[in-house]
Amino acid sequence: MGLVVSALLSACGGGSDDKSTAGTKTKQATAAPAQPAKPLDLTTVGTITGTIRFEGPAPEQSVAQLSGWSECSAQHPQGNPPAGDVLVADGKLQNAMVYIKDGLGNWAFAVPTEPATMDQKGCVFIPRVLGAQIGQPLKFLNSDPMAHNVHGFAQKASPWNISLSVKGTSRSVKVDKPESMIEIKCDIHPWMRAYLGVFDHPYFALSGADGSFTLKNVPPGEYTIEAWHERFGTRSQKVTVGAKEAKAIEFAFQQG
Ligand SMILES: [Cu+2]
């Protein structure tokens, strides 16, 4: 066996092939063929629900500085709009993205056909934080009477920079590698910022105004669950979900 492994390693080694690639090929060559992805057994799946708490006084959220951009400020007669970067109410944090980070088996997941859509309206991205599944259509829209662009700073998939210069136009973007989270900007308006999470599974959710989130149809297993927030970083915890179990968890964020 050792000889076979080293022969294979040298056969596919050399040059810039990294070790993980060579190792994978070796494993496939010597072990049983890779199992096809299994469909979920919906009779055993459980649920992870939870709350995102914010401990201590929350910092003020930023304000979009529209001064000097009359076409944008004209849409906000009440004054500069809040950025939406810190949304805390009653000690609960909104707009945290919660997802399974690690521990999923080789499952075949259905992919939504409904596009995950991010609009530009009133010179802000709506929603500010969006999740999508790989393979799900991903659409950017401009509902404003002026030009915007969408610059996605993906680091795993290809970054993109698209122009949406006319009201009502939309463009689709393909992100084919999971990444949480991808920063998005409009290069024209410096305050315009948003975040996109792309996942290779359906277990992601954005915390609501009450800090709550739900991950449904989770197969029994042991997982690392991560919660991400644009200002306060990430928190993670291990969670074991038994068959048909409804597991309740909590994350706590603080400033600094
Ligand atoms: Cu813009």
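The questions and answers below go through a predicted model of one chain, from its overall confidence to single residues.

User: What average pLDDT does the chain have, and where does pLDDT stay under 50?

Analyst: In this predicted model, 87% of the residues score at least 70, and the chain averages a pLDDT of 89. Where pLDDT is low, the predicted coordinates should not be read in detail. That caution applies to one stretch, for which the model has 14 contacts beyond four places in sequence. The average is thus 89, and the stretch under 50 is residues 1–29.

User: How many helices and strands does the chain have, and what share of its contacts joins residues at least 24 apart?

Analyst: The secondary structure comes to three helices and 20 strands, in a chain of 256 residues of which 28% count as buried. Among contacts between residues at least 6 apart in sequence, the share that joins residues at least 24 apart is 63%.

User: Which strands stand at the edges of the five-strand open sheet, and why is one side of each left without a neighbour?

Analyst: The sheet runs in the order β9-β15-β14-β11-β12, with mixed pairing, and its twist averages 25° from one strand to the next. Two of its strands have a single partner strand each, so one side of each is left without a neighbour in the sheet. Those edge strands are β9 and β12 (160–164).

User: In what sense do β9 and β15 pair, and which residue is the bridge partner of Leu130?

Analyst: Five bridges join β9 and β15, and the pairing over them is parallel. For Leu130, the bridge partner in β15 is Leu196.

User: Which residues touch the most other members of the largest nonpolar core, and which strand gives the most to this core?

Analyst: The largest nonpolar core has 52 residues, among which Val98 and Leu196 touch the most other members. The strand that gives the most to this core contributes five residues, and it is β15 (residues 193–199).

User: Which residues does Val98 touch, not counting residues up to four places away in sequence?

Analyst: Val98 is one of the two residues that touch the most other members of the largest nonpolar core. With residues up to four places away in sequence left out, its contacts are Gly50, Phe204, Ala205, Ser207, Phe213, Ile225 and Ala227.

User: Is Glu183 buried or exposed, or partly exposed?

Analyst: Glu183 lies in strand β14 (residues 179–185) and touches Phe153 and Tyr195, not counting residues up to four places away in sequence. Its C-alpha atom is separated by 7.1 Å from that of Ala154, 29 residues apart along the chain. Because 15 other C-beta atoms lie within 10 Å, Glu183 is partly exposed.

User: Where are the cis peptide bonds from Ile126 to Pro127 and from Ser180 to Met181 found?

Analyst: The bond from Ile126 to Pro127 has omega near -5°, and Pro127 is found in the loop between β8 (124–126) and β9 (129–133). The bond from Ser180 to Met181 has omega near 0°, and Met181 is found in strand β14.

User: Phi is positive in both Asp90 and Cys123, so which of these counts as buried and which as exposed?

Analyst: Asp90, with phi near 50°, lies in the loop between β3 (88–89) and β4 (92–93), while Cys123, with phi near 60°, lies in the loop between β7 (116–121) and β8. Because 9 other C-beta atoms lie within 10 Å of Asp90, that residue is exposed. With 23 C-beta neighbours inside 10 Å, the residue that counts as buried is Cys123.

Key
Residues numbered from 1 in each chain as written. Predicted model: local features only at pLDDT ≥ 70, side-chain atom pairs only at ≥ 80, totals over all residues. Helix = DSSP H or I, 4+ residues; strand = E, 2+ residues; numbered from the N terminus. Buried ≥ 20, exposed ≤ 12 C-beta atoms within 10 Å, placed from the backbone. Contact = placed C-beta atoms within 7 Å. Core = buried A, V, L, I, M, F, W, Y, C linked by C-beta atoms within 7 Å. pLDDT = per-residue confidence, 0-100. Pairing = 2+ DSSP bridges. Axes fitted to C-alpha atoms, helices over the stretch in contact; angles between N-to-C directions.
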